[in-house]
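Trainee: I have a new model open and would like to practise backing up the terms we use. Shall we start with one residue and work outwards?

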Amino acid sequence: MKRMKVVVSCLLTAAILLSGCGGGGAGGEGGSTGKDTLTVAIGGEPTSLDPQGSSGMNDRRVTKQIYDTLVTQDAEMNIQPGLATEWEYEDDTTIVFHLRENVKWHNGEDFTAADVLYSLKRAAESDYSKSYADMIDIANTVAVDDYTVSVKLLEPFAPILSNLAFSALSIVNEKEVTEGGDTYGRNPVGTGPFKFVSWSAGDRIELETFDEYWGTKPAFEHLVIRVVTENANRAIELETGGVDIAYEIQANDVDRLEENEETVVSRVPNFAVTFLGFNCDKEPMNNPLVRQAVAYALNTQEIADTVYFGIGSVATGPLPSTVWGYADGLPSYSYNVEKAKELLAQAGITTPLSLTLYTNDATDRTTIAEIVKNQLGQIGMEVEIQIIEQATFLGELEKKEEDMYLLSWTTVTGDADFGLYSQYTTESFGASGN
């Protein structure tokens, strides 16, 4: 892995993914209609259904249903066949993939090796996916025949198969992407189990089972993905049968839902870390002493207890303990207000110091932002919180006008490289990571 330059710090908490399943199908507006329709609630509207055109988690939750990748990962993160049925290493930097035949695109065309070459090249050139594909030697990656691809790496890279399983490296159809142009992200075409039907902005995305899907077909014909931004409303929709599954159940709703015989709460330790990030291209956050002062001024245990009610834990590094490569016992910043004040003085900062903190509109993030504001106020930092709608939040961050921001990063491959390289290297500056 390339040398790291750390530009983001002050980790707050490693959370637990909580999702709920309803007991079933009372119907109603947007609700389940038996086995024919499954309705899922997500916490924010996707920005694009182009897997190389966005980086949001809600986007990924939808694109995963529409597209396939060369390989996949099972629940234990083991590599499994996807559009490639098998593969072998010719040497340390050459992998030959044998592709699945008789796979159809949603537009009726045949899937071939040309689609793989186009998709990998496109991923390597996109700001949203380049950090996951920049170890691939695109110029020397070739199609041996219509159903065999030789992928060349620039150097030996152990997690390459895990990266290829990530949805940012989904295989797309060149014709559809080219003809769709700027609107392709709202009219996606894949080879996955569901094909796109419609998108009602601010409300829902509707998919339907793809009858010619090569794999095991879903047990229902329609998948409705509803956008329910309010955390409490997602829990209520689950309880009343308005949705069958709800992502990101908030900690203060868990006990009530677990006591409800009609709902099932799945607690799964995930690969995410929620953090306070700094804009290191802007004064005063370009001064490491100021960043260290912030770190000492934050009582992260109080934040974890107040916001997550004991679900999750304070992070001690950039990776949660569930990720392969996690190092235990790393040194961390203790809560020390006087030390924070000393560092500000050493940095030549006079207080009060006015700063902006950007966060999306999720309840847990806005609560964290208020606590951060209050805690930093103890060292003379006057924090203005800017609450931005989830759908436009990442785009606002890319403008780099904020001093600080609240975000989370999920090491979805389960391998440490994904959580470190894309977040902490100069090579990965941009929308896909750092």
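Mentor: Gladly, and keep in mind that this is a predicted model.

Trainee: Why is Leu117 called partly exposed?

Mentor: Its relative accessible area is 26%. Buried means under 20% and exposed means over 50%, so Leu117, at 26%, falls in between and is called partly exposed.

Trainee: Where does Leu117 lie, and what is it in contact with beyond its neighbours within four places in sequence?

Mentor: Leu117 lies in helix 2. Leaving those neighbours aside, Leu117 is in contact with Thr141, Val142, Ala143 and Val149, which means that heavy atoms come within 4.5 Å. As for Glu174, 57 residues away from Leu117 in sequence, the C-alpha to C-alpha separation is 9.9 Å.

Trainee: Which strands does helix 2 lie across?

Mentor: Helix 2, residues 113–125, lies across strand 7 (94–99), strand 8 and strand 9, and runs at about 25° to strand 9.

Trainee: What makes strand 8 and strand 9 a pair?

Mentor: The cut-off is at least two bridges, and 3 bridges join strand 8 to strand 9 (residues 148–152), so they count as paired. These two strands run antiparallel, and Ala143 stands opposite Val149 in strand 9.

Trainee: Lovely. And why are strand 6 and strand 8 said to stand at the edges?

Mentor: The open sheet has 4 strands in the order 6-7-9-8, with antiparallel pairing. Strand 6 (84–91) and strand 8 (142–145) each have a single partner strand, so one side of each is left without a neighbour in the sheet. From one strand to the next, the twist averages 25°.

Conventions. Residues numbered from 1 in each chain as written. Predicted model: local features only at pLDDT ≥ 70, side-chain atom pairs only at ≥ 80, totals over all residues. Heavy atoms only, no water. Axes fitted to C-alpha atoms, helices over the stretch in contact; angles between N-to-C directions. Buried < 20%, exposed > 50% of the residue type's maximum accessible area, 1.4 Å probe, protein only.
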